[in-house]
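I opened this notebook to record two lookups. The first concerns how the domains are arranged, and the second concerns how the chains meet.

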Amino acid sequence: MTRLRALSLVLCAALGGSLSAHAADPIKIGVSAPFTGGSSPMGLSMRDGVKLAVAEINKAGGLLGRQIQLVERDDEAKNERGVQVTQELINKEHVVATLGYANTGVALASTRFYQEAKIPVFDNIATGSSVTQQFLPPEFPDNYVFRNAAYDGIQAHMIVEEAVVRRKLTKVAILNDDTNYGMLGRGDLEKALAAKGVKPVAEEKFKIKDVDMTAQLLRAKEAGAEAILTYAIGPELAQVANGMKKLGWKVPMIGSWTLSMGNFIDNAGAESEGVRMPQTFIQEPNTPKRKAFIEAYVKAYNPPNGRIASPVSAAQGYDSILLLAAAIRQAGSTDGPAIRAALENLKEKVDGVVTVYEHPFSHDNHEAITANIPVIGEVRGGHVVYAYEEERKNPLRLEKH
Amino acid sequence: MAILLQLLLSGIALGMIYAVIAFGYQSTFATSGTLNFGQGEALMLGALVGLSLAGTISGGPYLNYWVMIPPVLIFGALQGIVVERVAVRPAIKTRSEFGWIMSTIALGIIFRNVAENVWGRDDLPFPSPLPTEPLHFLGASVLPMELLVVVGALLMMVGVEVFNRRSIYGKAVVATASDRDAAGLMGINTSLVITFSYALSSMTAAFAGVLIAPVTLTGASMGTALGLKAFAVAIIGGLNSGLGVVVGGILLGVAETTTGFYVSTGYKDVPGLVLLLLVLSVKPSGLFGKTTIKKV
C-alpha cells in the first residue's frame, strides 16, 4: 500500500514536472452554464461576455506570458449534468478556475467539488443567497466560491422596497417556479417582506414548462393582490404575464432580475411593458467603459435588434474574468490557493462594466456586488431601461462593504 | 361562480390541447399495436415549421396562418412516414414486442436535437392569427385562440372519423385495426395501411402544433412535457376511443386547474396522476376503451 502511494506520488511529480515544463501552455479556465433551454440566454450572453474579455486579454499578451483557453461546457441547467461537467473540468481538463452557473441549484451541487479540489470557482450569474455560504469557517478554513452577481438577499430587498415603500403596494402575491432558484428566492422575499411587516396575501408556484397559469393567478386575484412579485425564469414569467392579460387583470409585476431576459420580453410582448426588476447592468452607454463594452459586444455577436439577450449576464461574465485575471496576475501562478488568496486581497483596481472593483473580496466576504450597486430596470418598448432617471444619471456606484 | 366557470373554461382549453396530441397516439395503436413515443416531437416540428412559414424567424412571413396549415400537414405526414419506415417497420417485421418503444423514443430525441440546431434552443413567440384580446362572458374570460384549439381539435377528430367510416381507404384502416391478419388475407396491403396511420398520426400532431403554438410557447422542448401529459390522457381515455381522449383530456385539464385553485398550486398534477393509476387498476383499457382479449 505504502509502496503504491509512493509510486503514485512519483508519478504525480513526474506529470506535474512535465506540465510545468511547457510554460507556454495555455491557462485553462472552465465555463459551465446552460447553453440550452429556458436559461440559455443567461448562459450564452455570459459566455460571450467572457469570450470578449479573454480575447482582449490574449491580444494584450495573455496572463503570465500564457494565453487563456476557455473550456466551455453546457450544464443544461440540470443539477446532475452540472456535477458531471464539474468532474470533467476538474479531473480531465485540469482547469485553473471555473466561471459560470446561471442556476442556483447547479451552482449548489457543483461548487463542492471545487472546494474539495481547492480550485477557485466564480459564480457570475446564479443569485441564490446560499451559493457562497456553503463552506464557511470554522468547518472550512477557506472558501473557494466567489460571486459577482447580486445575490437574492439584495434583490429581494430591492423588490420589496420598490413595491411596498416606493409604490405603496402592500397587498402582494408571490409567484415562483418550483426550482431551487424559485423556492429559495421566495424565502428571501418572505424575509424581506416580514422586515417591512408585510405578509404576502398569496404564495403560488408553478413548474418549468407549465402552459396554464389560471389557477395561480386566480388565487392571487381572489386574495386581493395589488402587485405580483416573481421569482422564476423567462418563458414561465411570460406565461404569467400573458395569463394576467387573459384574465383581464392588470397589476404591477415586479420581480427578480430574470424579468429582463429576452425570452420573457419577446414571449410576453406588450404585456412585458412596465415590468420592473433589479439590474446590475442596463444596456445603456452611460460610462466610457460601458460604451466600449456594448459596442464591442454588438460588433462581435450582432444580437437581434442590437439587444443583448441578457445584458446583466454578459456584463457580469466580462467582469468575472477580469477579476480572475487580476488575481492570477497578482498571485503570479495558477495555483488554486494562491489565486484564492489573491482574490481575497486584490490590490489592482479592476475597471469593470458593472462597477470599478476596489478590494471586492476579503477572506470572509465573497460577494463583489453590494446592495447599493443594482438599480431598478423597467421594460419599455421591448428594451430594459432605467426606471428612475436619477439612477441613469448617476451610473458609477462603488461597492460599499 | 365566475371563478368556477373560469377554471372550467381554462381546464377545458388545456384539456383539449392534451386531447389533440393524445389523438395521434390512437391511430397508430389501432392499426399496428404500436405507439410513436416521439409524438411530442412531431408536434414540436409541426409548430416550428409553421413558425418558419408564418412567422418572421426565417425572413418571412411567407404565408399567412391559414395558408400555412396545408404545407405543415404535408410535412407532418412525411415525418410520420419516416418514423414508421425507420423506427417501427423493422420492429414489426421481426415481431419484436418492444423494439419500437426504444426506437421511437430515440428518433424523438434525434428530432429534438435537429430542431435545436435548426431553430435554436430558445422559446419563441408564435404570432396569433386571431385577436389576442380575451372574450368575456359571465365573468369568465377566454382567448379566441383557445376557442380555435377546441374547434380545430373537434373538427380534426370528426374529419378522421368520417374518413374511416365513409371512404374505402378508411375502411381498410378499420379492417386492419380489427384484425390485421384477416385484413391481409382479404387483399388489404396492411403494411401500407400502417405507414398511412403513422402519416396520419404525425399529421394530426403537426396540426396540433400549429394550433396550440400561439397559446403556449414554441421551441424545441415544447413537445416533451405535453407529449407525456397527452400519453396519460390517451391511457385514461382509452387507446382506441376518439371520444375517450376528449373526455380524458378535459378531465385532466379541469382536474389540474381546479386542484390548483381550491387545494394548492403545488398539488396541481396530483389528481391527474391519481386518476391515471385508478383507471389502470380498475379499467386498464381506459374509460372508453374496448377490452381486447389477447390469445396466446
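**Domain arrangement in chain A**

I took the centres of domain 1 of chain A and domain 2 of chain A over C-alpha atoms and found them separated by 27 Å. I note that the model is a predicted one.

I then looked up the bounds. Domain 1 of chain A covers 26-150 + 285-369, and domain 2 covers 153-279 + 376-392.

I turned next to the contact between these domains. Domain 1 of chain A brings 19 residues to the contact, and domain 2 of chain A brings 22 residues.

Which elements give two or more residues to the side of domain 1 of chain A that touches domain 2 of chain A? I found α2 (40-59), α4 (104-117) and α11 (311-331) of chain A. Of the elements on this side, α4(A) gives the most, with 3 residues.

I sorted the residues of this side of domain 1 by class and recorded 7 nonpolar, 11 polar and 1 charged.

**Contact between chains A and B**

I moved on to the two chains. Here 27 residues of chain A are in contact with 24 residues of chain B.

On the side of chain A that touches chain B, I listed the elements that give two or more residues: α2, β7 (202-206), α7 (214-222), α8 (234-246) and α9 (262-268) of chain A. The largest share of this side comes from α7(A), with 6 residues.

By class, I entered 8 nonpolar, 10 polar and 9 charged residues for the side of chain A that touches chain B.

Terms used. Residues numbered from 1 in each chain as written. Chains lettered and ligands numbered in written order. Predicted model: local features only at pLDDT ≥ 70, side-chain atom pairs only at ≥ 80, totals over all residues. Domains from an automatic or database assignment. Contact = placed C-beta atoms within 7 Å. Helix = DSSP H or I, 4+ residues; strand = E, 2+ residues; numbered from the N terminus. Nonpolar A, V, L, I, M, F, W, Y, C, P; charged D, E, K, R; others polar.
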